[in-house]
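This briefing goes through selected features of the structure shown below, grouped by topic, and is meant to be read with the coordinates open.

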Amino acid sequence: MKEFVSAKATKLELLNLRSVPIRTFWITSIAFFICFFAWFGIVPFMPDVVKDLGLTPTQKWNSIILAVSGTVFARLLIGKLCDKYGPRLCYTYLLILGAIPVILLGFVQTPLQFLICRLFIGFIGASFVITQFHTSIMFAPNIVGTANATSAGWGNLGGGANRLGMPLIAAGVVSFGIADEVAWRYSMVIAGVICFSMGLIYYFFTKDTPEGNFNELKLAGKMPNLKKDEVSFLSTLKDYRVWILFLVYAACFGIELTVYGTMDDYLQNRFGLDRSTAGNLVLSFALMNIFARTLGGYFGDLFGKFRGLRGRVIFLALILATEGLMLSIFSVTTSLVFGMIFLIAFSLTVQMAEGATFSVVPFINKKAIGSISGIVGAGGNVGAFLAAMLLKSKSAVAESAAIAANSELGEQAVKAAQTTAAASAVSSGFFVIGGFIVSAAILSLAIRFATAEEKAVVEETKAELLLSGVDK
């Protein structure tokens, strides 16, 4: 089998829809957006769900854990499947099969049924891995970091857009005479149908590579150098760089999930904001994904242009360390104004770090991009789980102590002490997490590339630029 230079895009020309890589970029970004929209679609309706199904606080918490846990295993598996069968079929099946538990969530009658659906809905969180894999093999080394970061950032918006979108869908349902109490059920069914429809679009309007689909290329003897059977999954697991990036992504995306998940209550308890204002602030930070991740990928590519693969690692370490410092400083801030400044800085740097991480991932091993993307992506969910456990345990201990110390002072005093203790516990937790992030940044500098790997990237970039007609 002869190797060939794939006609990857060397520019991110968003309006050039006749280009297979650009068309794929848009479709995979939209698919990712829809998956995240459906994954977190039930969140705005949780008060209604709790009332409708009689969920206990423990069951509510367990539903969150199950959704995240399902994603971890799905991301590990989907990466291997992408390497073998290609992103087009993997995304098609993920969207179509993932639509089933989303739709079924609208029909649950017991807490157990709700928990089971939440577990399987979490599988569509693996969409991130496919999106990163697909853009990685559609774009040349000089632009792949920017393409990966932009598709991921725009897709991630689905996790925030549902705060506005799902209530709007529910309002539309109610306008047809459906009772408010069950509007959440119809809304989830609609979200599932959208997922299913996107699966069909992905199948008919995308290709695995710029030259065609995996099965077609295999038959023609032109399969690109990324077949799973050329590199065993075990050898991928043995590469220390993969596990460093696993920790790095836990320290950025994982922490972002946890911080934003707890920030509503923290802003209320720490700075005395009302729930609506706190919620809108958190939503605005999530919307920074429109540009912040792209910046991380762009600067990763820029550092790579001047310093090679080592430059990408250096930028990743710098932005990750800055993220940790911003979170630690925010944690000890008591002024609302300064708190918002450092929270904005944290939001910007954490999302840039996510983009920078996946400007490095495609170069670890080009024959196992899917497997590596899956492992690193799973690191984000593991980081979110561990960080949430840390904050939950610290808060539980602090609140119990506050209740015990003020139990004789009346209900108001107990509530005030509990609020203060919770804020203090989360604050100290954020500070500790900030230290972990800085440690991960230092560790990331241990990622090294062989001279042969550096040369291969330079040669591939030159070949792609020549193929695209860009003579520079």
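**Salt bridges and their surroundings**

Glu460 and Lys8 are both buried. The model is a predicted one, and the two residues are joined in it by a salt bridge whose closest N and O atoms are 3.1 Å apart. This pair connects distant parts of the chain, since Glu460 belongs to helix 18 (residues 451-468) while Lys8 sits in the segment before helix 1, 452 residues apart.

**The network around Glu460**

- Besides its bridge to Lys8, with closest N and O atoms 3.1 Å apart, Glu460 forms a salt bridge with Lys366, for which the closest N and O atoms are 3.5 Å apart.
- The pair of Glu460 and Lys366 again links distant parts of the chain, with Glu460 in helix 18 and Lys366 in the loop between helix 15 (336-357) and helix 16 (369-406), 94 residues apart.
- Glu460 has a relative accessibility of 17% and therefore counts as buried, because the limit for a buried residue is under 20% relative accessible area.
- Lys366, by contrast, is partly exposed, with a relative accessible area of 28%.
- Lys8, Lys366 and Glu460 are joined into one network by salt bridges that share partners.

**Other salt bridges**

- The count of salt bridges in the model comes to 7.
- Asp239 forms a salt bridge with Arg241, and the closest N and O atoms of this pair are 3.0 Å apart.
- Asp239 is buried at a relative accessible area of 16%, and Arg241 is buried as well, with a relative accessible area of 9%.

**Helix 1 and the position of Thr131**

- Helix 1 covers residues 20-39, which makes 20 residues, and it reaches 28 Å from its first C-alpha to its last, close to the 28 Å expected at 1.5 Å a residue.
- Of the 20 residues of helix 1, 16 are buried, so this helix is largely enclosed by the rest of the structure.
- Thr131 is located in helix 6 (residues 127-136), where it is buried with a relative accessible area of 0%.
- When residues up to four places away in sequence are not counted, Thr131 touches Thr28, Phe32, Tyr91 and Ser151.

**Lys218 and its contacts**

- Lys218 is found in helix 10 (residues 214-220) and is partly exposed, its relative accessible area being 45%.
- The side chain of Lys218 reaches the backbone oxygen of Lys84 at a distance of 3.2 Å.
- Between the C-alpha atoms of Lys218 and Gly429, which are 211 residues apart along the chain, the separation is 51 Å.

**A nonpolar patch on the surface**

- Phe196, Leu200, Ile201, Tyr203, Phe204 and Phe205 together make a nonpolar surface patch of about 590 Å².
- Leu200, one of the residues in this patch, has its place in helix 9 (residues 183-205).
- With a relative accessibility of 38%, Leu200 counts as partly exposed, because that class lies between the limits of under 20% for buried and over 50% for exposed residues.

Note on methods. Residues are numbered from 1 along each chain as its sequence is written. This is a predicted model: local features need pLDDT of at least 70, side-chain atom pairs count only at pLDDT 80 or more; totals for chains, interfaces and linings use all residues. Side-chain values use heavy atoms; hydrogens and water are left out. Helices (H or I, at least four residues) and strands (E, at least two) are DSSP runs, numbered from the N terminus. The expected span of a helix is 1.5 Å times one less than its number of residues. Buried means under 20% relative accessible area, exposed over 50%, partly exposed in between (1.4 Å probe, protein chains only). A polar contact is a pair of N or O atoms within 3.5 Å; within protein, one must be able to donate a hydrogen and the other to accept it, and residues adjacent in sequence count only if both atoms are side-chain atoms. Patches are made of residues with over 30% relative accessible area and no salt bridge: like charges are joined within 9 Å, nonpolar side chains (Val, Leu, Ile, Met, Phe, Trp, Tyr) within 5 Å. Accessible areas come from the Shrake-Rupley method with a 1.4 Å probe; for residues, only the protein chains shown count as cover. A salt bridge is a side-chain nitrogen of Lys or Arg within 4 Å of a carboxyl oxygen of Asp or Glu. Contact means heavy atoms within 4.5 Å.
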